[in-house]
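Biologist: I would like a close look at a single part of this model, with the surroundings described as far as they help to place it. Please take your time over the answer and keep it connected.

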Amino acid sequence: MKKITTRILTLLVMVSVCTSPVLAASLPTADNTAKTEPAPAAVNSAVEEFKNLSRHERKTRVKDAKKLMKEYKADKRAGRAAEADQVLLAILAILLPPLAVYLKEEEITSRFWISIILTLLFWIPGVIFALLVVFDAI
């Protein structure tokens with residue numbers, strides 16, 4: 001979900017910057033993949049280090065990784081998402097209310113359709129409804 005929201009927000013920023021030539025000229029060009037993906041050399045060294053471990057140490061590391069993955073999935077199912085998700089969804093609820101409702105619900109529901117109708121009729125009620133859905137007030 002984070003990837004989707006960050007890509008959408010990046011797209012929105014790009015569109016808004018492209019419409020203003022002054023801001024587009026002053027925008028620094030940075031490679032965002034360096035923040036999300038490790039360097040290939042670091043990956044290769046980690047793989048080599050893992051291969052050099054004994055069989056027992058490899059099994060314990062794999063068990064630990066599986067345990068952490070189960071905890072992460074359980075937290076995600078229980079709704080204990082990071083606060084950053086809430087902030088991004090709140091910002092998205094103001095900019096594109098139906099999209100924020102869809103990302104919060106993770107499927108097309110009646111709340112999504114209500115959000116579309118309210119947003120098309122009057123923008124402010126759509127934003128208010130999306131914020132209520134994002135913060136679980138409804």
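Leaving aside its neighbours within four places in sequence, which residues is tyrosine 102 in contact with?

Modeller: Once the neighbours within four places in sequence are set aside, tyrosine 102 is in contact with Glu107, Ile108 and Phe112. The model is a predicted one, and the values that follow are computed from it. Tyrosine 102 itself sits in helix H7, and its relative accessibility of 33% places it in the partly exposed class, because that class lies between the 20% limit for buried and the 50% limit for exposed. A further spatial relation concerns valine 133, which is 31 residues away from tyrosine 102 in sequence, while the C-alpha atoms of the two are 9.9 Å apart in space.

To place this residue, it helps to begin with the chain and then return to the helix. The protein chain has nine helices and zero strands, so that, taken in order along the sequence, its pattern reads α-α-α-α-α-α-α-α-α. Of its 138 residues, 19% are buried, and the accessible surface of about 10,800 Å² belongs to carbon and sulfur atoms for 65% of its extent. When the contacts between residues at least 6 apart in sequence are considered, 52% of them join residues at least 24 apart.

Helix H7 covers residues 97–105 and packs with helix H8, residues 110–121, at an angle of about 170°, the two axes being 8 Å apart. The two helices are therefore roughly antiparallel to each other, since an angle over 145 degrees is counted in that way. On the H7 side of this packing stand Pro97, Pro98, Val101, Tyr102 and Glu105, and they meet Arg111, Phe112, Ser115, Ile116 and Thr119 on the H8 side. Tyrosine 102 is thus one of the H7 residues that take part in the packing, and Phe112, which appears in its own list of contacts, is one of the H8 residues named there.

Within the same packing, serine 115 offers a useful point of reference. Serine 115 lies in helix H8, and with a relative accessibility of 0% it counts as buried, whereas tyrosine 102 is partly exposed at 33%. Apart from its neighbours within four places in sequence, serine 115 is in contact with Pro97, Pro98, Val101, Gly126 and Phe129. Among these, Pro97, Pro98 and Val101 are H7 residues of the packing described above.

Between the two helices runs a loop that holds glutamate 106. Glutamate 106 has a positive phi of about 65° although it is not a glycine, and its relative accessibility of 55% puts it in the exposed class.

Two salt bridges are present in the structure, and both involve a residue of the region under discussion. In one, the side chains of arginine 111 and glutamate 105 meet, with 3.1 Å from N to O; the two residues also appear on opposite sides of the packing between H7 and H8. Arginine 111 is partly exposed at 26% relative accessibility, and glutamate 105 is likewise partly exposed, with a relative accessible area of 24%. In the other, aspartate 136 pairs with lysine 104, and the closest N and O atoms are 3.5 Å apart. Because aspartate 136 lies in the segment after H9 and lysine 104 in helix H7, this pair ties together parts that are 32 residues apart in sequence. Lysine 104 counts as partly exposed at 24%, while aspartate 136, at 54%, counts as exposed. Aspartate 136 also has a phi near 55°, a positive value in a residue other than glycine.

The surface beyond this packing deserves a last look. A nonpolar surface patch of about 880 Å² is made by Val87, Ile91, Ile94, Leu95, Leu96, Trp123, Ile124, Ile128, Leu132 and Ile138. Helix H6 (83–95) and helix H9 (123–134) each supply at least two residues of the patch. Tryptophan 123, one of the patch residues, lies in helix H9 and is partly exposed, with 42% relative accessibility.

Methods. Residues numbered from 1 in each chain as written. Predicted model: local features only at pLDDT ≥ 70, side-chain atom pairs only at ≥ 80, totals over all residues. Heavy atoms only, no water. Patch = residues over 30% accessible without salt bridge, like charges linked within 9 Å, V, L, I, M, F, W, Y side chains within 5 Å. Areas by Shrake-Rupley, 256 points an atom, 1.4 Å probe, with all protein chains shown as cover. Salt bridge = Lys/Arg side-chain N within 4 Å of Asp/Glu carboxyl O. Helix = DSSP H or I, 4+ residues; strand = E, 2+ residues; numbered from the N terminus. Buried < 20%, exposed > 50% of the residue type's maximum accessible area, 1.4 Å probe, protein only. Axes fitted to C-alpha atoms, helices over the stretch in contact; angles between N-to-C directions. Parallel < 35°, antiparallel > 145°, perpendicular 65-115°, else oblique. Contact = heavy atoms within 4.5 Å.
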